[in-house]
Amino acid sequence: MIDKLEFFIALARHQHFGRAAEECGISQPTLSAAIRQLEDHLGVMLVNRGSRFLGLTPEGQRVLEWARRIVGDARTMHEEMRAARKGLAGHIRLAVIPTALSMVQMLTEPFQARHPDVTFTVLSRTSLQVLGLLENLEIDAGITYLDHEPLGRVTSVPLYSERYHLIAAAGTPLADRNTVTWQEIAALRLCLLTPDMQNRRIINHHLAEAGVKARPTLESNSMIVLFSHIRTGQWASIMPRNVAQSFGFSQEIRMVPIVEPEAEHLVGLVATHREPFTPLVSGLLHEARRLATAQAFDRNVLSPNESALLT
């Protein structure tokens, strides 16, 4: 039954019998037969079929929710028993928004130092993709924004606050200022993340609050591409300070705080809410809380709201 539910989840994810079978390492006829056996066992049709996959039936959508829950619980049970025998070991799959990639090592390095038999895969994804991968059990946890857009039913641990800066080459317009406003930035030749990125939606929101609109002449989903264009002196960008610092800029690049308003947005670790968590996810959440407390969001004292989020 667990195998059949795994196959069903894969089919719902890919919406294609061939691709789902390939992911599961079985033939397409074997997958089709397993889905039909699952339908016979439950007494309902799960999939609308024609010459190809035509979507899930209403009953299939409901079974998908149960399948994710049951498969997740089965994985948790297996992992917990393995941890009881051998200690914490295994593989953690993380999906991370691009602006948080530079800080992932602050979480993975101490965690792996404590648990050397744990390995990681880190993927760069948009905030919406992070949540979708969590829902489909394709990752164990993600790092994304905790405010601005709804997260759904997840457990979250805030790690730090993003503070936005104008990033520009020395000698270019506004680069030598102590502060700059959102309204002033709109007039610059900008390179920004693509609109599917939540960071970009946040930037658009603050520019709109200032009564202006971003008209970037270059967009990319890669921070490296943006940095390479900033270095030419022909473009400027809007980025969190921690991202710019991670690239080790020399004096030729300026980071100017943006005010009116001085915006902050929480970034943190998210995992699908379940009790109990797998030992790996539980350990990762514990490490995240340790990091968050040490960081104290780059301030000496946590606000009451931030402290509540850590409990």
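**Salt bridges and the packing of H1 against H2**

Arg75 and Glu6 form a salt bridge in which the closest N and O atoms lie 3.0 Å apart. This pair ties together distant parts of the chain, since Arg75 belongs to helix H4 (residues 58-86) and Glu6 to helix H1 (residues 2-14), with the two positions 69 residues apart in numbering. The model discussed here is a predicted one. Neither partner falls under the 20% cut-off for burial: Arg75 has a relative accessibility of 32% and therefore counts as partly exposed, and Glu6, at 26%, counts as partly exposed too.

The Arg75 pair is one of 14 salt bridges in the structure. Another joins Arg177 to Glu184, again with the closest N and O atoms 3.0 Å apart. Here Arg177 is partly exposed, at 37% relative accessibility, and Glu184 is partly exposed as well, with a relative accessible area of 29%.

A further salt bridge brings together the side chains of Glu252 and Arg231, at an N to O distance of 2.9 Å. This pair also links distant parts of the chain: Glu252 sits in the loop between helix H10 (241-246) and strand S11 (253-259), while Arg231 lies in helix H9 (residues 223-231), and the two are 21 residues apart. Glu252 is partly exposed, with a relative accessible area of 41%; Arg231, at 42% relative accessibility, is likewise partly exposed.

Salt bridges can also be followed beyond single pairs, as Arg13, Glu23 and Glu138 are linked in a network of them. Two of these names, Arg13 and Glu23, return in the contact between helices H1 and H2, where Arg13 is in H1 and Glu23 in H2.

How, then, do these two helices pack, and at what angle? H1 and helix H2 (residues 17-24) meet at about 135 degrees, and their axes are 8 Å apart. Angles over 145 degrees would count as roughly antiparallel and those from 65 to 115 as roughly perpendicular, so H1 is oblique to H2. The crossing of H1 past H2 is right-handed.

On the H1 side, the residues in contact are Phe7, Ala10, Leu11, Arg13 and His14; on the H2 side they are Phe17, Arg19, Ala20, Glu23 and Cys24. Sorted by class, the contact of H1 with H2 comprises six nonpolar residues, one polar residue and three charged ones. Helix H1 thus appears twice in this account: through Glu6 it is linked to H4, and through residues including Phe7 and Leu11 it meets H2.

Note on methods: Residues are numbered from 1 along each chain as its sequence is written. This is a predicted model: local features need pLDDT of at least 70, side-chain atom pairs count only at pLDDT 80 or more; totals for chains, interfaces and linings use all residues. Side-chain values use heavy atoms; hydrogens and water are left out. A salt bridge is a side-chain nitrogen of Lys or Arg within 4 Å of a carboxyl oxygen of Asp or Glu. Helices (H or I, at least four residues) and strands (E, at least two) are DSSP runs, numbered from the N terminus. Buried means under 20% relative accessible area, exposed over 50%, partly exposed in between (1.4 Å probe, protein chains only). Axes are lines fitted to C-alpha atoms, for helices over the stretch in contact, and angles run from 0 to 180 degrees between N-to-C directions. Angles under 35 degrees count as roughly parallel, over 145 as roughly antiparallel, 65 to 115 as roughly perpendicular and the rest as oblique. A crossing is left-handed if the near helix is turned anticlockwise from the far one by less than a right angle, and right-handed if clockwise. Contact means heavy atoms within 4.5 Å. Ala, Val, Leu, Ile, Met, Phe, Trp, Tyr, Cys and Pro count as nonpolar, Asp, Glu, Lys and Arg as charged, and the others, Gly among them, as polar.
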